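Q: I would like a close look at one part of this structure, namely the interior. Please walk me through what is packed there and what is left empty, and add any unusual spots of the backbone.

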Amino acid sequence: MKYEVELPDGARQIGVRRADEGGWWVSVDGGAERLVQGTKVGTAEWLLTQEGVTRKHAVYLDGEHVYAQHQGHAVRGTVIDPRGAALAAGSASTAGEVSTPMPGVVVRVLVAEGDSVTEGQVLLVVEAMKMENEYTAAIDGTVATVHVAAGETVEANTVLVSITPS
Amino acid sequence: MNLRPFKRVLVANRGEIAVRVIRGCHERGIEAVAVYSDADANALHVRVADAAYRIGPAASAESYLRADVILDVARRAGCDAIHPGYGFLSENAGFAQQVLDAGLVWIGPPPASIDAMGEKTAARRRMSAAGVPVVPGTTEPVSDPAEVVRIASEIGLPVMLKAAAGGGGKGMRRVDRAEDLANALASAQSEARKSFGDDSVYVEKFVVGPRHIEIQVLADGHGNVVHLFERDCSIQRRHQKVVEEAPSPALPEKTRQEMAAAACRAAEAVGYVGAGTCEFLLGADGAFHFLEMNTRLQVEHPITEMITGVDLVQAQLRVAAGERLWFEQSELARTGHAIELRIYAEDASSGFRPAPGPLHGYREPTGPWVRVDSGVVEGMEVPIHYDPMIAKLVVWGVDRQQAIDRAGRALRHYHVVGTHTSIPFFLALFEDPDFRAGEYDTGFISPEWLEAHLSAPGGLEGEAIAAAIAAFERDSRAAVGTDEAAEAGSAWKRAHRWSTYRRWA
């Protein structure tokens with residue numbers, strides 16, 4: 001299997017196949033295969049051994065999303081099986097969709113369906129953890145749908161407003 | 001000495017402070033009753049309490065701020081006292097009075113003391129009269145721009161405009177130029193009206209290069225007041241403390257004693273009982289000024305506990321039960337150095353934006369002289385409805401350098417997967433030579449500082465490989481029993497290996 005793993009320091013193509021000696025043969029960006037052995041030791045924790053050295057990796061996989069921790073930093077990224085991704089490709093562009101990366105409560109909706117908006121214009125305000133966050137249009141266009149109303153609680157990754165590009 | 005001052009205490013709070021108070025109760029043989037909102041139904045404070053009662057939906061206004069519901073729980077649960085923690089109802093004199101009227105003990109200062117310190121301009125007047133130095137400025141709220149200009153020219157620019165009913169940095173404006181005064185006044189008033197429903201503003205001198213230093217006091221109901229030294233809380237972001245240390249690395253002994261004496265006078269002036277904190281600004285010129293008194297337990301109380309050996313929650317319980325202070329000022333000493341780091345679910349690299357989320361992986365550091373006060377466990381979601389603080393990491397060292405190094409070690413051992421935390425910010429702070437030298441003020445953490453000191457994570461190949469292996473194992477598991485199972489021999493071998501693997505997963 002080949003996976004495209006994208007983390008804040010870049011994207012890597014990682015080949016993984018099972019090794020008869022236990023563990024996996026792993027290649028990074030088409031380089032030589034190396035034997036990696038080890039196991040998952042906690043909900044978000046792996047111990048992996050390469051060339052006799054064992055290191056802990058704090059990694060949690062949730063669908064295509066990967067959450068990790070490295071030297072205290074929270075790291076987020078994606079793990080995509082390019083074969084699966086090819087199937088999903090061709091779905092509509094999402095530039096006109098404004099969504100929230102975190103759960104919260106919609107405080108104010110400043111636009112209505114049919115309104116013309118310009119890039120950078122504030123569309124609505126969502127409160128999370130006592131902080132008000134403004135959500136802006138990424139493109140010029142017309143508001144096609146407002147999916148939420150003031151007072152509504154929204155989950156992470158909820159589409160709030162859809163804009164048809166002008 | 002009464003070992004068990006109460007039979008059963010209701011803890012009217014949530015999160016780490018509820019857990020902290022419950023610990024104090026249990027250590028004195030007192031039963032602890034927790035309350036929880038729907039967002040906290042599975043929370044740690046619910047798990048460690050002897051009994052817990054639902055008080056409403058997630059929103060604070062419908063749960064943790066519902067005085068009537070909480071009092072009803074106290075009655076039904078047979079509690080004889082209420083501990084409010086910090087925040088929520090802790091500085092609500094009306095609630096304190098209701099608790100007393102219900103025949104229960106309020107583990108906090110008398111309502112009149114809370115009131116006396118609650119309205120900031122009245123408190124300033126009172127402190128001035130008690131000989132506690134206050135920041136030069138108005139003792140009456142003002143709203144007339146001409147009056148503001150006159151006062152500003154009298155005490156000299158820069159000045160600070162502050163909401164009289166304020167707190168948490170809301171309704172505050174620094175003004176450097178006389179021509180900006182009118183505008184700043186209008187916006188401070190509008191913010192104050194929106195946040196507190198009261199647009200009174202007062203004007204005070206802006207202290208240049210200030211450090212935020214506070215004195216912990218403890219008073220009994222028999223007229224005895226002692227101080228438990230200071231905490232330096234100058235490392236702040238958005239006007240909120242994120243690092244606290246005790247002792248302050250910048251307080252001359254003479255100033256410490258003067259400040260501590262002023263704090264005790266402040267407590268006496270309002271008939272204070274219990275644990276409280278007087279906050280001061282120490283200017284670059286060495287002069288200090290009273291800011292306000294927090295009439296409750298502080299978030300950062302553990303560092304005082306670490307250097308004095310006094311358990312402040314137990315002390316609150318004993319004093320509230322009417323006990324006389326069991327030590328004198330001269331018996332109190334401080335030893336070593338303690339640091340507290342507030343671990344928030346937030347992303348320092350995007351201006352400390354809150355980043356609530358699931359704690360997929362969570363394990364707190366431990367080891368010598370490391371204490372973690374938290375209200376979360378692995379698998380929990382950091383709720384969006386409340387303050388995004390996950391935990392307080394508190395360490396003690398024989399001196400400041402050892403405390404910093406120990407805190408750094410503990411931070412590196414802190415396993416948090418799923419949400420951003422302030423850990424990378426603290427690690428960067430510990431590398432800063434000025435911080436290590438103790439040279440900082442409340443303006444130390446600026447956007448420029450963050451830009452220069454925060455590094456992006458790199459060298460993530462190991463994480464990428466682990467993620468790919470995790471995906472491979474998940475996908476193999478999904479494949480076993482479907483098309484791949486048809487390749488009999490190899491599939492059985494795989495399935496067997498997989499089951500072996502899963503035993504360890």
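A: Happy to. A gentle start first: in chain A, the centres of domain 1 and domain 2, taken over C-alpha atoms, are separated by 33 Å. These two domains run over residues 2-80 and 83-165, with bounds that come from an automatic or database domain assignment. Please keep in mind that this is a predicted model, in which local features need pLDDT of at least 70 and side-chain atom pairs count only at pLDDT 80 or more, while totals for chains, interfaces and linings use all residues. Residues are numbered from 1 along each chain as its sequence is written, chains are lettered from A and ligands numbered from 1 in the order in which they are written, and side-chain values use heavy atoms, without hydrogens or water.

Now to the packed part. The largest nonpolar core (buried Ala, Val, Leu, Ile, Met, Phe, Trp, Tyr and Cys residues joined through side-chain atoms within 4.5 Å) has 76 residues. Here, buried means under 20% relative accessible area, exposed over 50% and partly exposed in between, with a 1.4 Å probe and protein chains only. Among the residues with the most contacts inside this core are Ile235(B), Leu341(B), Leu393(B) and Phe425(B). Helix α13 of chain B, residues 423-431, gives the most to the core, with seven residues; helices (H or I, at least four residues) and strands (E, at least two) are DSSP runs, numbered from the N terminus. Because domain 1 (8-107) and domain 3 (211-445) of chain B both give residues to the core, the core lies between them. Nonpolar side chains tend to be buried together in soluble globular proteins.

Leu341(B) is a good residue to click on. Contact means heavy atoms within 4.5 Å, and, neighbours within four places in sequence aside, Leu341(B) is in contact with residues including Val242(B), Val243(B), Leu393(B), Leu411(B), Phe426(B) and Phe430(B). Lys392(B) is one of its contacts too.

Helix α10 of chain B (residues 301-308) is mostly covered, with seven of its eight residues buried. Among the buried ones are His301(B), Thr304(B) and Glu305(B), as well as Ile303(B) and Ile307(B). After α10(B) comes Gly309(B), which has a positive phi near 80 degrees.

Next, the empty space. On a 1 Å grid over the protein atoms alone, a cavity is a set of points where a 1.4 Å probe fits but cannot get out, a pocket is an open set with protein on both sides within 12 Å along at least five of seven lines, and lining residues have an atom within 4 Å of a point. The structure holds one cavity of 30 Å³ or more. The largest cavity has a volume of about 40 Å³, a volume being the space filled by probe spheres set on grid points joined across faces, edges and corners. His83(B), Trp106(B), Thr295(B), Arg296(B) and Gln316(B) are among its lining residues. Both domain 1 (8-107) and domain 3 (211-445) of chain B supply lining residues, so this cavity lies between them. By class, its lining has five nonpolar, six polar and one charged residues; Ala, Val, Leu, Ile, Met, Phe, Trp, Tyr, Cys and Pro count as nonpolar, Asp, Glu, Lys and Arg as charged, and the others, Gly among them, as polar.

The second largest pocket has a volume of about 530 Å³. It is lined by 22 residues, with Tyr67(A), Arg76(A), Pro101(A), Ala156(A) and Asn157(A) nearest its centre. Strand β7(A) gives the largest share of this lining, three residues, and β7 (65-70) and β8 (73-80) of chain A and β16 (353-354) of chain B each supply at least two. The lining divides into 10 nonpolar, seven polar and five charged residues.

Finally, the backbone. Phe229(B) has a positive phi of about 70 degrees although it is not a glycine; it sits in strand β10 (residues 225-237) of chain B and counts as buried at 10% relative accessibility. Asp29(A) also has a positive phi, near 50 degrees, but Asp29(A) is partly exposed at 48%, in the loop between β3 (24-28) and β4 (34-42) of chain A. In chain B, the peptide bond from Leu157(B) to Pro158(B) is cis, with omega near -5 degrees, and the bond from Ala246(B) to Pro247(B) is cis as well, with omega near 0 degrees. Pro158(B) is in the loop between α7 (145-155) and β6 (159-167), and Pro247(B) in the loop between β11 (240-246) and α9 (253-269).
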